[in-house]
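Here are a few exercises to work through with the model open in your viewer. Try each task before you read its solution.

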Amino acid sequence: MAIDWQKLAEKYHQDYVADLTTLVGIDSSRDDSKATDDYPLGPGPAKAMLAFLDLAKRDGFKTTNLDNLVGYVEYGEGDDTLAILGHADTMPGGKGWHTDPFTLTKKDGKLYGRGTSDDKGPALAAYYGLKMLKDEGIIPKIKIRFIIGTDEESDWTGMNHYLDLEPAPTLGFSPDAEFPLINGEKGNVTFTSHFAGSNGGTISLRDFEAGLRENMVPRDAEATVVGSDAEKIIADFTTFLTKVPVTGEAKQVAGGVHLQVIGKAAHGMEPKNGINAGTFLATFLNQYDFGGDAADFLSLLANRLHDDSRATKLGIAYTDEVMGDLTMNVGVMTFKADEGGLINTNFRYPTGTGAADIKAGLAKAETEMAVTLKQGREMVPHYVDPADPIVATLMDVYRQQTGDLTAQPEVVGGGTYGRLMKRGVAFGALFPGTQDTMHQADEFQPEADLLKAMAIYGQAIYELTK
């Protein structure tokens, strides 16, 4: 069947933008403080997932909502299932935007808004790829399920709930990464170091705050210190800012100094793309005479974790020929005097190492500190052979649609729903050469790229189910 997929996608241009406007307008970051029986992850993620299902109902698809945790759109029949796995949740809006993160804004050919790149824009493009098949009267030979999760950015409660209730898909892809295709994903594990809140020495740390999520390089950090020469600290901080790639300010407050640092947010899978405001602030403070848990907290950040995305100082650096380097992101750092603190470290690791090695490195670094080290959920490395038909078919579609005949599948540090299936991969929608703004302020995706992705997804779904 000869179809000009790019020409067909253009017919849906305005409808796509209108639907994306609706989706971006929903703040769908997870908020457990607002959780209820009806909204187990807070209202935002569920409302965005339900908005996806409403679009599908409008378009005549069969839809299912599983307890406001995950939903799916179904088309076709058969024992085998092709799954298209997207997510409706996003990172929090965060600071530093030049537009409203929850208003879709067009500028210079780009669509700005939280979720335009991760993952509302790409997931909606994949949905429109499925819609094109239905509108053209193409009946797939296997069942297709477009599945929308609600907490991909945290612990995957929604998609795990799906797998508890429904049969595992036969094969599938997640439109939640980059083109040409991701056939391998590193392992992923987070460790949290917990501190009590004691102080000591001639200066005290009243509070310290940096980071929003474990998989996001912190853009903003702030701290309050008391009991020392405020004017000297402010002067030192001014000098410090002339030597480092961050901005900030310090001001005198009752009994001490309040400091703020601004770095650059980035996706935690590659911390080198960001500038960690929290660890830079800790390196500045670490020069002073802190004591107790506050001193341990700042020392660990400054001496073992700062500016070391490959975890060399922890003695756990590791590289695999296929999967590349182990990486470390210091995602969340908090401390309150007399209450306690924590440092959250997220690791993406290749085959050949793992959580036990990482834990040993952290434990050694914390040997003389009063720290409780806790391990979070672990996902082991995932890899699909390039010879598998799903890889071969999707790569062929990408090459046809783009003309890039030299493109090859890749391995990344990011974790997508694709890894939930033995024959699962990630497929788009970030094109080579396009700036990656996932998890950052001013998140965007070029409008033309999203339409091109729609065409690729339409043909991909057709080829995999014909």
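**Exercise 1: a residue at the start of a strand**

Thr81 is buried, at a relative accessible area of 10% (buried is under 20%, exposed over 50%, partly exposed in between, with a 1.4 Å probe and protein chains only). Before going on, note that this is a predicted model: local features need pLDDT of at least 70, side-chain atom pairs count only at pLDDT 80 or more, and totals for chains, interfaces and linings use all residues. Residues are numbered from 1 along each chain as its sequence is written, and side-chain values use heavy atoms, with hydrogens and water left out.

Task: find the element that holds Thr81, and list what Thr81 is in contact with, leaving aside neighbours within four places in sequence.

Solution. Step one: Thr81 sits in strand S3, residues 81–87 (helices, H or I, at least four residues, and strands, E, at least two, are DSSP runs numbered from the N terminus). Step two: with those neighbours set aside, the contacts of Thr81 are Ile142, Lys143, Arg145, Pro169, Thr170 and Leu171 (heavy atoms within 4.5 Å).

**Exercise 2: ring pairs**

Task: classify the pair Tyr127 and Phe146, then do likewise for Phe195 and Phe297.

Solution. Step one, the rule: rings of Phe, Tyr and Trp (its six-membered ring) pair if their centres lie within 6.5 Å; planes under 30 degrees apart are stacked, over 60 edge-to-face, the rest tilted. The count by this rule is 26 aromatic pairs.

Step two: Tyr127 and Phe146 are 5.8 Å apart centre to centre with 55 degrees between the planes, a tilted pair. That pair links distant parts of the chain, with Tyr127 in helix H4 (residues 120–135) and Phe146 in strand S6 (residues 143–149), 19 residues apart. Tyr127 is buried at 1% relative accessibility, and Phe146 is buried at 0%.

Step three: Phe195 and Phe297 come out edge-to-face, at 5.6 Å centre to centre and 85 degrees between the planes. Phe195 is in strand S10 and Phe297 in helix H8 (residues 292–305), so this pair ties together parts 102 residues apart in sequence. Both Phe195 and Phe297 are buried.

Step four: ring pairs join Tyr12, Tyr16, Phe52, Phe61, Tyr75, Tyr127, Tyr128 and Phe146 into a cluster.

**Exercise 3: charges over rings**

Task: which rings lie under Lys110 and Lys134?

Solution. Step one, the test: NZ of Lys or CZ of Arg must be within 6 Å of the ring centre and within 35 degrees of the ring normal. Step two: Lys110 lies over the face of Phe444, 4.5 Å from the ring centre. Step three: the charged end of Lys134 sits over the ring of Phe61, 5.4 Å from its centre.
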